[in-house]
Amino acid sequence: MTAAQEPGRIVLLTASHRVAPGLLSWPAWETLRAADLVLCPDPGHPQLPYLREAGVAVEISVPVASDLVEACAGGRTVVVLPSGEGDRDLTDGLARLAGSGRVSMPNLELLPGSYDLPGARLLDLVQVMDRIRRSCPWSSRQTHQGLAKYALEEAYELVEAVEEGGRDELREELGDVLLQVVFHARIAEEDEEEPFSVDDVAAGIVEKLIHRHPHVFGSETAETPEEVKEHWLRMKGVEKRRASVTDGVPLGQPALALAAKLSARAHTADLSVPLPSGEGVGYRLLAMAVDAERGGVDPEGALRAAARAYRDAIRSAE
């Protein structure tokens, strides 16, 4: 085969918009530098300034499949930087030409120039939430106080998905809880006195996780879950400098969960505290919740399970 008869090569070079422009793989840079022609249909493509700075000439043009095939004649390599929408017309056109059997097609190659890192889709969520906050008549008026009830609802729905739902329900409810976090963080950016962003929220929890896991990120050791819990509570006590082991226990949580939490705090602190005496169902429930916690049973979860069984019995009776 003579040089004029060589089919050449078409390279579709993709890059993730979630990775900083210019951070391309070495094979991508090698291909760009060696290409006979580099085309891009989008004059605002984020990679263009970096390619020009690297001395890669890029022609702004909307490529047509037949023209690309002709441009590859003589063994030439043509690189196409697709737009963010993916240039479906071009790929469909190349597929039709290849399927016709009437055209000697160049070699077609899809070359990923960069890949998403784990967690990259969170960047999309932050971007979408920002636009909704600016443009949606309802979302733009929301406050932390107004959204609080939704956070509670979504948390309960997540618990229900964990206990009763399938994988699809669990994934969806996790997303709804995550939305609450991102929504509140976006609102917090607008505070005139103490603004913070979702990056500040993430930075805070990263720092907390590292500090409370000295057996993972430090020199301490922990061989059992009990030892891990001991590290966690000790580090938490240093951070919070609390005057009482009950500090930080939210009194607004469900009553059985509250009783169990208080019991766990006292038990962890090796405090022997007699239960308050009194008449009525409240004191009996308190004693049962403490006994359950000491026996390793979540009383709130146990009562929910019993309540679901009661619900099923009611439905059967109906």
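Is Gln47 buried or exposed? I took this as the opening entry for the model, which is a predicted one.

**Entry 1: Gln47.** I located Gln47 in the loop that joins β2 (37–40) to α2 (48–53). I read a relative accessibility of 6% for Gln47, and the residue therefore counts as buried, the cut-off being under 20%. I then looked up the partners of Gln47. Apart from neighbours within four places in sequence, Gln47 is in contact with Ala15, Pro21, Gly22 and Leu24. For Gly22 I also noted a polar approach: a polar atom of the Gln47 side chain lies 2.9 Å from the backbone nitrogen of Gly22.

**Entry 2: the nonpolar patch.** I next turned to the surface, where Ile205, Val206, Leu209, Ile210, Val216 and Phe217 form a nonpolar patch. Together these residues have about 530 Å² of accessible area. I assigned the patch to its elements: α8 (198–211) and α9 (214–217) are those that give two or more residues to it. Helix α8 supplies the largest share, namely four residues. I checked one member of the patch individually. Val206 is found in helix α8, and its relative accessible area is 45%. I recorded Val206 as partly exposed because this value falls between the limits of 20% and 50%.

**Entry 3: Glu6.** Finally I examined Glu6, which lies in the segment before β1 (9–14). Its relative accessible area is 36%, so I entered Glu6 as partly exposed. I also looked up one long separation: Glu6 and Tyr115 are 109 residues apart along the chain, and 32 Å separates their C-alpha atoms.

How values were computed: Residues are numbered from 1 along each chain as its sequence is written. This is a predicted model: local features need pLDDT of at least 70, side-chain atom pairs count only at pLDDT 80 or more; totals for chains, interfaces and linings use all residues. Side-chain values use heavy atoms; hydrogens and water are left out. Buried means under 20% relative accessible area, exposed over 50%, partly exposed in between (1.4 Å probe, protein chains only). A polar contact is a pair of N or O atoms within 3.5 Å; within protein, one must be able to donate a hydrogen and the other to accept it, and residues adjacent in sequence count only if both atoms are side-chain atoms. Contact means heavy atoms within 4.5 Å. Patches are made of residues with over 30% relative accessible area and no salt bridge: like charges are joined within 9 Å, nonpolar side chains (Val, Leu, Ile, Met, Phe, Trp, Tyr) within 5 Å. Accessible areas come from the Shrake-Rupley method with a 1.4 Å probe; for residues, only the protein chains shown count as cover. A salt bridge is a side-chain nitrogen of Lys or Arg within 4 Å of a carboxyl oxygen of Asp or Glu.
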